[in-house]
Amino acid sequence: MEEKVEIIATDEKQEFIVNMGPQHPSTHGVLRLVVSLQGETVKNIQPHIGYIHRGIEKMCESITYPQIIHLTDRMDYLSAHQNNESVCLLVEKALEVDIPDRIKVIRTIMSELSRLQSHQLFWATFGMDLGGQTCYFYGLRDREMILDIFEETTGGRMIVSYNCPGGLMYDIHPNFQKRVKDFIKYFRKKLPEYDTILTGNVIFRERTSGIGPLTLQDAISYGITGPSARASGLSCDVRKHEPYSAYDKVKFNEVLFSEGDTYHRYMARNDEMRQSMNTIEQLIDNIPEGPYAVKMKPVIKLPEGEYFQRVETARGELGLFVISDGNKNPYRVKFRSPNFVNLGVLNHLAKGFKIADLIAIAGSLDFVIPDMDR
Amino acid sequence: MRSIIEYLKEIFNGVLSLLRGMRVTAGYFFRPSEIVTQKYPNNRKDLVMFERFKGEVVMPHNESNEHKCTGCGICEINCPNGTIEVISKTIVTEDGKKKRAIDRHIYRLGMCTFCALCVKTCPSNALAFSQKFEHAVFDRASLIKQLNKPGSQLMKGVE
C-alpha cells in the first residue's frame with residue numbers, strides 16, 4: 001500500500017488538472033486558470049482569458065475621440081482616471097493644444113486619488129484572499145471616502161468619465177479641496193492600522209515572504225510594469241521617467257525594493273499609498289485659477305499619423321497607440337494594458353509552489369480582468 | 001538551547017502580532033460611533049445623492065409644461081451607443097414660418113452608459129441628470145422613456 005502511494009507521488013505523468021475559475025472568488029473577475037498539479041504542487045498554469053472580451057479596441061474605430069473616454073473607463077475600472085487621461089493626453093499631443101496648469105493639477109490629484117483607492121481595494125482583497133475577512137471591510141470603508149469625493153465632483157463612483165480631450169467635463173466641486181484634506185487627515189491615522197492588522201500579522205508574513213520571487217532580470221524580460229516590477233527593483237515609473245500632467249512639479253519617491261517576492265509586491269503598493277498622499281498634499285492647496293477646459297473644435301480630427309502615449313496606472317504602464325487617417329474616427333487603436341502583460345509571468349512565478357501560494361501570487365499581481373480582455 | 005529560545009520567541013512574537021491585530025478590531029467593538037454602514041432600504045427617505053450624481057437623463061420642464069429642446073439632434077450625434085433618438089416634426093409658427101420642433105425625444109435607459117456627453121454638448125441646456133438611482137423594473141420595455149412630456153412646448157426665447 002505504501003509503495004503505491006509513492007508511485008503516484010513520483011510519476012510525472014500523474015498530473016491532476018484543476019480549473020481555477022472562471023468564477024473563483026480570488027481571481028476578482030472571470031479569469032480561468034487551468035492548473036496542472038502534482039499533489040499540491042503547481043506544475044504548470046495555463047491562463048484562459050476572453051470571458052469579458054467586449055472588443056473595445058474595435059469599437060473605438062467606429063466612434064469619435066471624445067466618445068472613447070466612456071470605453072476606457074470600463075477597461076481598468078480601478079484606474080479609470082488614468083485610462084481616460086491617456087486618451088486626452090494623446091489627443092492634446094496630436095493637436096498640439098496647450099493645457100492650462102489648473103487642468104493638469106486637477107488631473108494629477110484625481111489620478112493619485114484613483115491610485116489610492118485602487119491600492120486600498122488591493123489591500124482589502126489581498127487580505128481576504130489570504131483569509132483575513134476584516135481587511136476587506138476596513139479597506140472598503142476607507143475607499144468609500146474617495147468614492148464620495150469622485151461622486152461629488154464627477155457624478156460617478158467608479159465609471160467617472162471626468163477627463164475629456166481639452167480638459168475636464170466639469171469644474172471641481174466647491175467641497176472638493178476640503179473633502180480631500182479631510183480624507184488625507186483621516187487616512188494618515190488609519191494607515192498604521194492596516195500595518196497592524198495585516199503587514200505585521202505572523203500568518204500573513206509566513207504566507208507571503210519568499211513566495212513567488214521575481215528577479216530583476218525576469219521582470220525586464222517578461223515586461224512587467226507597475227508596483228509588481230518595482231518590488232523587484234526595476235525602476236519603471238512613467239511618472240518619473242516621462243512626466244505628464246503635473247508630475248514634474250511634485251516631489252515623490254519611486255518605491256523600490258529588491259526582493260521581488262509576494263510580500264514586497266504587497267509592500268510596494270502599501271508604500272505607494274503614502275507617496276500618493278504626499279503628492280496630493282503638495283497639490284491640493286495650490287490649484288491654480290483658470291478655465292477647466294480648453295475650447296476644442298466640435299468635431300475633433302487628428303492629423304494623419306501614428307501617436308503613442310503612456311501613463312502610469314495603478315497596476316503598471318498603460319500604452320495607447322492610435323493610427324489616424326485624418327478622420328474623426330481613429331483608424332486603429334491599440335491598448336498596451338499592464339494586466340495582460342503581468343498575467344504572462346504568473347506561470348513562471350507559481351511553478352513549484354503550492355496551490356495555496358498561487359492564490360497569494362495571483363493576488364499580489366493585482367489583476368483586473370476587464371483590462372486584460374478589453 | 002539557543003535555538004529553543006529563538007523558537008519560543010518566534011511563537012511569542014507571532015501570537016503577539018495576532019493580538020495586536022485583534023486589539024484594533026476589538027477597539028471598533030467599543031466605538032460604535034465609527035461604524036459607517038448605512039441601512040439602505042430603511043434610510044431611503046433621508047438618503048440624498050450628490051447634485052452631480054448621474055442617475056438618468058431627464059428633460060426639465062417648467063410649470064407651464066415647457067422645455068428647452070429645439071430638436072437639433074446634437075445629443076443623438078454625440079451619444080456613443082444609440083441611447084437617444086430625436087424624432088422631430090415640422091410645425092408652422094404663428095407668423096406663418098415653417099420650423100423644426102421636437103415630436104418625441106426617446107431615451108433608452110437600458111443602453112445608457114452615463115458618459116454625460118449629451119448633457120454637456122446640448123446647446124440649449126435642455127437635458128440634465130436626475131438623482132434617481134433605483135432603476136429596477138419588471139419589464140424591459142419600460143426602460144425606453146420619452147423625455148418630453150405629452151403636450152409640452154418649446155420655452156419662449158430658446159432658439
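**Stop 1: where the chains meet**

Start by selecting chains A and B together: in this predicted model, 22 residues of chain A are in contact with 20 residues of chain B. Now keep just the side of chain A that touches chain B. Three helices there supply at least two residues each: α3 (65-72), α6 (133-154) and α7 (176-199) of chain A. Which of the elements gives the most to this side of chain A? Colour α6(A) to see the answer, since α6(A) puts in five residues. If you colour this side by class, you should find eight nonpolar, nine polar and five charged residues.

**Stop 2: chain A as a whole**

Hide chain B for a moment and switch chain A to cartoon. You are looking at 16 helices and ten strands. Turn the chain around: along the principal axes, its C-alpha atoms fill a box of roughly 80 × 50 × 35 Å. How does the radius of gyration of chain A fit with that of a compact globule? For 374 residues a compact globule would have a value near 21 Å, and chain A has 22 Å, so the two agree.

Try colouring by burial next. Buried residues account for 48% of the 374 residues in chain A. The contacts reach along the sequence, too: of those in chain A between residues at least 6 apart in sequence, 70% join residues at least 24 apart.

**Stop 3: the sheet at the start of chain A**

Select residues 16-20, 32-38 and 41-48 of chain A, that is β1, β4 and β5. These three strands form an open sheet in the order β1-β4-β5 (chain A), with antiparallel pairing. Strands of a sheet pair through backbone hydrogen bonds, either parallel or antiparallel. Which strands sit at the edges? They are β1(A) and β5(A), and each of them pairs on one side only. Look across the sheet and you'll see the strands turn: neighbours are rotated by 25 degrees against each other on average, ignoring direction.

Zoom in on the pair β4(A) and β5(A), which seven bridges join. Pick A:R32 and look straight across to A:H48 in β5(A), which stands opposite.

**Stop 4: another sheet in chain A, with a helix on it**

Move along to residues 305-313 and 332-336 of chain A, which are β8 and β10, and add residues 316-324 for β9(A). Here is another open sheet of three strands, in the order β8-β9-β10 (chain A), and its pairing is antiparallel. The edge strands are β8(A) and β10(A), each pairing on one side only. From one strand to the next, the twist averages 15 degrees.

How many bridges hold β8(A) and β9(A) together? Nine, in the antiparallel sense. For one facing pair, click A:V311, which stands opposite A:L318 in β9(A). Now show helix α4 (residues 80-95) of chain A as well. This helix packs on the sheet and touches β8 and β9 of chain A, and its direction makes about 145 degrees with that of β8(A).

**Stop 5: chain B, end to end**

Bring chain B back and hide chain A. Chain B holds three helices and seven strands. Follow the cartoon from the N terminus and the elements come as α-β-β-α-β-β-α-β-β-β. Is chain B compact or spread out? Its radius of gyration is 29 Å, well over the 15 Å that the globule rule gives for 159 residues, so chain B is more spread out than a compact globule. The C-alpha trace spans about 105 × 35 × 30 Å along its principal axes.

Colour the domains next: the assignment gives domain 1 (2-36) and domain 2 (56-154) of chain B. Their C-alpha centres lie 59 Å apart. Buried residues make up 18% of the 159 residues in this chain.

**Stop 6: two backbone oddities in chain B**

Most residues other than glycine have a negative phi. Two exceptions are worth a click. B:N65 has a positive phi of about 60 degrees, and it lies in the loop between β1 (56-58) and β2 (66-67) of chain B. B:F114 has a phi near 55 degrees, and its loop runs between β4 (98-108) and α3 (117-121) of chain B.

Which of these sites is buried, and which is partly exposed? B:N65 counts as partly exposed, because it has 13 C-beta neighbours inside 10 Å. B:F114 is buried, with 21 other C-beta atoms within 10 Å.

Technical notes. Residues numbered from 1 in each chain as written. Chains lettered and ligands numbered in written order. Predicted model: local features only at pLDDT ≥ 70, side-chain atom pairs only at ≥ 80, totals over all residues. Helix = DSSP H or I, 4+ residues; strand = E, 2+ residues; numbered from the N terminus. Buried ≥ 20, exposed ≤ 12 C-beta atoms within 10 Å, placed from the backbone. Domains from an automatic or database assignment. Contact = placed C-beta atoms within 7 Å. Nonpolar A, V, L, I, M, F, W, Y, C, P; charged D, E, K, R; others polar. Pairing = 2+ DSSP bridges. Axes fitted to C-alpha atoms, helices over the stretch in contact; angles between N-to-C directions. Rg over C-alpha atoms; globule rule 2.2 N^0.38 Å.
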